[in-house]
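Here are my notes on this one, in no grand order. Have the viewer open while you go through them.

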Number of protein chains: 2
Amino acid sequence: MKTADPELMRAINRFYVMDAIRRFGPLSRVEISQLTELSPTTVSAITAALLDDRLIIPLQLGAVRDAGRGRPRVMLKLNPDAAHVVGVKLAHDQITVGVTNFCGDILRSLALPIRIDRQTASVIADLVEDGVRRCVGDAGLDIAHISGVCVGLPGVVERAAGVCRQSPILQERDVPFGADLSHRLGVPASIDSDVNLVTLAEHWFGQARGLNDFLVVNVERSLGLGILHNGDLFRGANGLSPDLGDLMVRPLNGGGRLADVASEASVSIEAEALLRGGDADSRLHQGRAMALLLKRAAAGDKRCARVLAAAGEALGFAVASLITLFAPPKVIISGRAMATSDHFIEPLRNAVAALLPASLADVSEIIVREWSDGNWVQGAAAMTLRDLYGAPWGTTGPAPIREALSPPLGES
Amino acid sequence: MKTADPELMRAINRFYVMDAIRRFGPLSRVEISQLTELSPTTVSAITAALLDDRLIIPLQLGAVRDAGRGRPRVMLKLNPDAAHVVGVKLAHDQITVGVTNFCGDILRSLALPIRIDRQTASVIADLVEDGVRRCVGDAGLDIAHISGVCVGLPGVVERAAGVCRQSPILQERDVPFGADLSHRLGVPASIDSDVNLVTLAEHWFGQARGLNDFLVVNVERSLGLGILHNGDLFRGANGLSPDLGDLMVRPLNGGGRLADVASEASVSIEAEALLRGGDADSRLHQGRAMALLLKRAAAGDKRCARVLAAAGEALGFAVASLITLFAPPKVIISGRAMATSDHFIEPLRNAVAALLPASLADVSEIIVREWSDGNWVQGAAAMTLRDLYGAPWGTTGPAPIREALSPPLGES
DNA sequence: TTCTTTTTCTCCGAGATACAAATTAAATCT
DNA sequence: AGATTTAATTTGTATCTCGGAGAAAAAGAA
């Protein structure tokens, strides 16, 4: 455990200042002082140090003369060039790479449409390494100036260990991507559940800006769950990110894993069967099947709509359970094609409404969000930036509990 | 938000010291220094203050001469008489009251077997007030010397507000028990979900001592869920404790609320129907029905066993979902009659095993724990004591977010 | 008994921090 | 040019942790 000393104190307050500047645009020292409730003296000292480290810079736009008489405020903002980070997203059919600056602005991104379903982890690592190097080069940067890389992928990921325990896009288990990429690139690399990245992106840049509690349910080929609780990402007991796909929607008989009922992968398969059966055209890729299904449903095809509705209801069941457990003010359903279809969302909403107890009926607002590659990349960047900002949380925890640390004790 | 200043620093370190003493029995200053990684100087200063406040006292048992030559260690322990707190548990058919000292030892307890199902909140408050006054008196204490009261009850409780949003044992909703009792007794009173109390009791005194992550599933007339995450009680977004009974075990058609399938209340009703049907004896109270059901099942009655198994399986479904979400090393099933029956537990274990994905098969150990009234009271006491120890957590949180606090900002 | 050794604990000064009050800085208004 | 106003910095004080020196309290040795 970390004991409280002046250093920690400073770290905490410095983070408050950085956080305020990041969230509320350019700020003057007085404003920071009001926002953080730190004394002007302290803010002055901290900002001086930050300026010295070139993490923030004064915004010398003579522009904003704020109607005042006295000495003009010096607006401070993050220094975009203080650091650069790389975000990577692995999906079953694409690798997306992006480089952002210290503010999270995407400088350059790169999409590699490659099916990595059946590749070995080391081949994927090769692809990622190449992609990162190329993207960094295209952005006119040197890899040595990159402060960190974060890779997001679906599945169960243990961030602290840098290991992907299990993923729908990997055949192997316990893949140590973190250490591998760190070594390959010579840059600190981390991995995380892709949903956690969206969740953080929502918190930093998106609809849940400044919201301390919300859920993100990501509907893609697989299903992911991101939880922000008390302003921090919630991770399972061992730092394992929860996997929504493994939730069961029906006990024993009948249903099964949620991923087998409500993911794009499963719906695609159903769609394929349905469309191939009723139609002469028997050549359908999965992606096409989904597109066609959505189109037909929109056109009024009842059977197609029913397929989407079933998936929506199943996910609604899970969402209702989650709301019962977490009571978040917002639930964000994010995804691409299917997740944004009304034929999917409406049944989902209805299922949630039907299943939720009266006492929780109105606590959660369910909103839908379509995601682009850029959002993922920004999320991955935010994950790395958060460390650079130096958030000292988790350091001050309630309990150390290393019985091993202290000899016999208690019986002494 | 709370900014970091020397005062907070001290508060944090003082808590570390208190926590170490509480958990590892009488300790000398050197031992505290090793455990907390604070310098001997600091420990000396903090313990001096604590001694001054009479929160801890030296253990002057000349007894433990530890083989050494030098100056003997002065063992420090919590001062049992530093404070006294009262714990109350409300159940549908009983009010339990207990007084403990600063160490959590139960000095006196009192069980009032009263059905409060159909009472109004104010009648219940009357009963609680009387019970507390009597129990405190019986313990030879004055109510003015009580530092705090904590009431545990099933249902959805918002501890911070002191309000019970909804409870199976209350007809009314949004009952402000906290403020009411504070006012009646002239003593700080808080309320919390009963399961949170068991959870804390397990963490402080029970099987999960020193374990940072675990779940408690409480099976009584209603179903409760307690979550300890990162060494702290997990509360829903608004500080609402989650209610397991409201979880749905089957989507839409079929099943319904978990409480209607797997609680003692629901099983009792089934048992009553079953036993009354097959037996001449048609006069059965609920409590008797459960007892008889268990007896019959134990004697080999297949139909009775089946009723228990169905409940076990339903709860197993929920537990599997929880494990997928939280991945806790331990899940404690706590309760009384039904929860400890093998005819209930074995199906539960089997259901969990069948439903859990392979990757999570071995992460959670499910253990069963029978609870006595004393444990509840100790939990309630621990909840209050925790505040007295002055845990400063939650004060240092990542995000303030009071947009209202700062005027236009961001656009300035 | 008296002195040495050993271990525990406390006092002292250094270093770092936050904060309040006073001071300086940089504009506008008269 | 001087007064006024607001922003930011400097100065001084109090608190905290920590390392090292010193005092305390026992056991062992002479």
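**Notes on the model**

1. Let's begin with a loop residue. A:Ile143 sits in the loop between helix H4 (121–138) and E6 of chain A. Keep in mind throughout that this is a predicted model. Is A:Ile143 buried or exposed? Neither, quite: it counts as partly exposed because it has 15 C-beta neighbours inside 10 Å, whereas a buried residue would need 20 or more.

2. What does A:Ile143 touch, once neighbours within four places in sequence are left aside? The contacts are A:Arg133, A:Val136, A:Leu185 and A:Val187. For a sense of scale in chain A, try A:Lys302: A:Ile143 and A:Lys302 are 159 residues apart in sequence, and their C-alpha atoms are 53 Å apart in space.

3. Next, the strands of chain A. Strand E6 (residues 146–153) of chain A runs parallel to E9(A), and the two pair over five bridges. If you want a spot to check by eye, A:Gly152 stands opposite A:Asp192 in E9(A). Strand E9 (residues 189–193) of chain A is mostly covered, with five of its five residues buried.

4. Over to chain B and its sheet. Five strands make up an open sheet here, in the order E5-E4-E3-E6-E9 (chain B), with mixed pairing. At the edges are strand E5 (106–112) and strand E9 (189–193) of chain B, each of which pairs on one side only. From one strand to the next, the twist averages 15°.

5. Within that sheet, strand E6 (residues 146–153) of chain B and E9(B) are paired in the parallel sense, over five bridges. Which residue of E9(B) is the bridge partner of B:Val151? That would be B:Ile191. Helix H5 (residues 177–185) of chain B packs on the sheet and touches E6 and E9 of chain B, its direction making about 150° with that of E9(B).

6. Don't overlook helix H12 (residues 373–389) of chain B either. This helix lies across strand E3 (84–91), strand E4 (94–100), E5, E6 and E9 of chain B, and it runs at about 130° to E3(B).

7. Now a helix pair in chain B. Helix H2 (residues 29–36) and helix H3 (residues 40–52) of chain B pack at an angle of about 115°, with 9 Å between their axes, and the crossing is right-handed. H2(B) brings B:Arg29, B:Val30, B:Ile32 and B:Ser33 to the contact, and H3(B) brings B:Pro40, B:Val43, B:Ser44 and B:Thr47. By class, that is four nonpolar residues, three polar and one charged.

8. On to the DNA. Which residues come nearest to DNA strand C? Of the 30 around it, they are A:Thr42, A:Arg71, B:Ser44, B:Gly70 and B:Arg71. Helix H1 (6–23) and helix H3 (40–52) of chain A, along with H2 and H3 of chain B, each supply at least two residues of this surface. H1(A) has the largest share, five residues. The surface near DNA strand C divides into 10 nonpolar, 11 polar and nine charged residues.

9. Finally, DNA strand D. This strand has 30 residues around it, the closest being A:Arg29, A:Ser44, A:Gly70, A:Arg71 and B:Arg71. At least two residues apiece come from helix H2 (29–36) and H3 of chain A and from helix H1 (6–23) and H3 of chain B. The largest share of the surface near DNA strand D, five residues, is that of H1(B). Its make-up is 10 nonpolar, 11 polar and nine charged residues.

Terms used. Residues are numbered from 1 along each chain as its sequence is written. Chains are lettered from A and ligands numbered from 1 in the order in which they are written. This is a predicted model: local features need pLDDT of at least 70, side-chain atom pairs count only at pLDDT 80 or more; totals for chains, interfaces and linings use all residues. Two strands pair if DSSP finds at least two bridges between them. Helices (H or I, at least four residues) and strands (E, at least two) are DSSP runs, numbered from the N terminus. Axes are lines fitted to C-alpha atoms, for helices over the stretch in contact, and angles run from 0 to 180 degrees between N-to-C directions. Two residues are in contact if their C-beta atoms, placed from the backbone, lie within 7 Å. A crossing is left-handed if the near helix is turned anticlockwise from the far one by less than a right angle, and right-handed if clockwise. Ala, Val, Leu, Ile, Met, Phe, Trp, Tyr, Cys and Pro count as nonpolar, Asp, Glu, Lys and Arg as charged, and the others, Gly among them, as polar. A residue is near a molecule or strand if its C-beta atom, placed from the backbone, lies within 6 Å of it. A residue is buried if 20 or more other C-beta atoms lie within 10 Å of its own, exposed if 12 or fewer, and partly exposed in between; C-beta atoms are placed from the backbone.
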